[in-house]
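Reader: I keep running into words like "buried" and "oblique" when people talk about protein models. Could you walk me through one and show me where such words come from?

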Amino acid sequence: GFKIKSDELVLPQYGSILAALRADRLIKVLHLNRSNLLERYVSGVMVNQVTGVTMAVRREDVPAFEMVRISPRKAERDFVLAEQRQAKVDEWFANHEMLQLEYEALTLDPVGQSKRICDFLDIESRVLTTRTIKIGPHVSTLISNFDQLREHFSGTRFERLFELPGPQEAVGGGRPVVIRDPATYRIPGQLRSPSNEWGVGGGSLGAYVAAACDLADLSTRRVL
């Protein structure tokens, strides 16, 4: 199996890859989306403008967050683009076996969603796990003009994205996560980006991939 981002598939330089994927009807497609388009957008803003951190596996890796001001116009444009891209992927792979997945459902119900995935792939059922942890608080605590955005999108189909969280979600994200015991964490150093984990001052790329994939040895395996 492999993953590829839909925002890559729409780029001209990925045209040959897209054509090959669409032509191979034996490929099963798991189409993963994030239904909360506001959280998706703010996550990208935080990574690109504030923290530079895309993931964390330990609490000490969680970055400090600063509030940002979100342009209603830019946010709406991103929401619409995300919807269009999701529809385009569905159209491209309409002749493939496809399973629709939501990030929110995966994090809220890992047992049930794991069964859906394994049944779809026709493999032995197991509960899928991840080392990553949710690193950001609720978006209402990250957006300095959140009230303005709520007013701007009031009465639109995006209004639901601006519902205020309950007490637990506001503090800790409100979504259960599945992580391994930190003692089994085998990727050296603080995980900021892959480039920090190998080369100068780090281990080999093979060691990094082995640890990230939870494999003891890559010497007898082929990795694409």
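Reader: What makes helix 4 and helix 7 oblique to each other?

Author: Keep in mind that this is a predicted model. The axes of helix 4 and helix 7 cross at roughly 55 degrees and come within 10 Å. An angle under 35 degrees would count as roughly parallel, and roughly perpendicular covers 65 to 115. The value of roughly 55 degrees fits neither class, so helix 4 and helix 7 are oblique. The crossing itself is right-handed.

Reader: Which residues make that contact between helix 4 and helix 7?

Author: Helix 4 brings Pro72, Ala75, Glu76 and Phe79, while helix 7 brings Gln148, Leu149, His152 and Phe153. Sorted by type, the residues of this contact are 5 nonpolar, 2 polar and 1 charged.

Reader: Then why is helix 3 called roughly perpendicular to helix 4?

Author: Here the angle is about 110 degrees, and the axes of helix 3 (residues 37-51) and helix 4 (residues 72-92) are 10 Å apart. The class for roughly perpendicular runs from 65 to 115, so with that angle helix 3 is roughly perpendicular to helix 4. This crossing, too, is right-handed.

Reader: Which residues meet there?

Author: From helix 3 you get Leu37, Leu38, Arg40 and Tyr41. On the helix 4 side are Lys74, Ala75, Asp78, Phe79, Ala82, Glu83, Arg85 and Gln86. By type, that contact has 6 nonpolar, 1 polar and 5 charged residues.

Reader: Leu37 is in that list. How do you know whether Leu37 is buried or exposed?

Author: Check its relative accessibility, which is 4%. Buried means under 20%, so Leu37 counts as buried. Leaving aside neighbours within four places in sequence, Leu37 is in contact with Phe79, Ala82, Glu83, Gln86, Phe158 and Leu161. Take Glu83: Leu37 and Glu83 are 46 residues apart along the chain, yet their C-alpha atoms are separated by 8.7 Å.

Reader: What about Val57, buried or exposed?

Author: Val57 sits in the loop between helix 3 and helix 4. Its relative accessibility is 12%, and the cut-off for buried is under 20%, so Val57 counts as buried as well. In sequence, Val57 and Ile135 are 78 residues apart, but C-alpha to C-alpha they are 9.1 Å apart in space.

Reader: And what makes Gln113 count as buried?

Author: The reasoning runs along familiar lines. Gln113, a residue of helix 6 (residues 110-121), has 10% relative accessibility. With the limit at under 20%, Gln113 therefore counts as buried. Its contacts, again without neighbours within four places in sequence, are Leu101, Ala105 and Leu106.

Reader: Which residues touch the most other members of the largest nonpolar core?

Author: That core has 20 residues, and Leu38, Ile70, Phe79, Ile143 and Phe162 touch the most other members. Helix 3, helix 4 and helix 7 (146-153) each give two or more residues to this core. The largest share, 6 residues, comes from helix 3.

Reader: What does Phe79 touch, apart from its neighbours within four places in sequence?

Author: Phe79 is in contact with Leu37, Leu38, Tyr41, Phe153, Phe158, Leu161 and Phe162. Apart from the largest core lies another core of 7 residues, including Leu21, Val29, Val89 and Trp92.

Note on methods: Residues numbered from 1 in each chain as written. Predicted model: local features only at pLDDT ≥ 70, side-chain atom pairs only at ≥ 80, totals over all residues. Heavy atoms only, no water. Axes fitted to C-alpha atoms, helices over the stretch in contact; angles between N-to-C directions. Helix = DSSP H or I, 4+ residues; strand = E, 2+ residues; numbered from the N terminus. Parallel < 35°, antiparallel > 145°, perpendicular 65-115°, else oblique. Left-handed = near helix turned anticlockwise from the far one by under 90°. Contact = heavy atoms within 4.5 Å. Nonpolar A, V, L, I, M, F, W, Y, C, P; charged D, E, K, R; others polar. Core = buried A, V, L, I, M, F, W, Y, C linked by side-chain atoms within 4.5 Å. Buried < 20%, exposed > 50% of the residue type's maximum accessible area, 1.4 Å probe, protein only.
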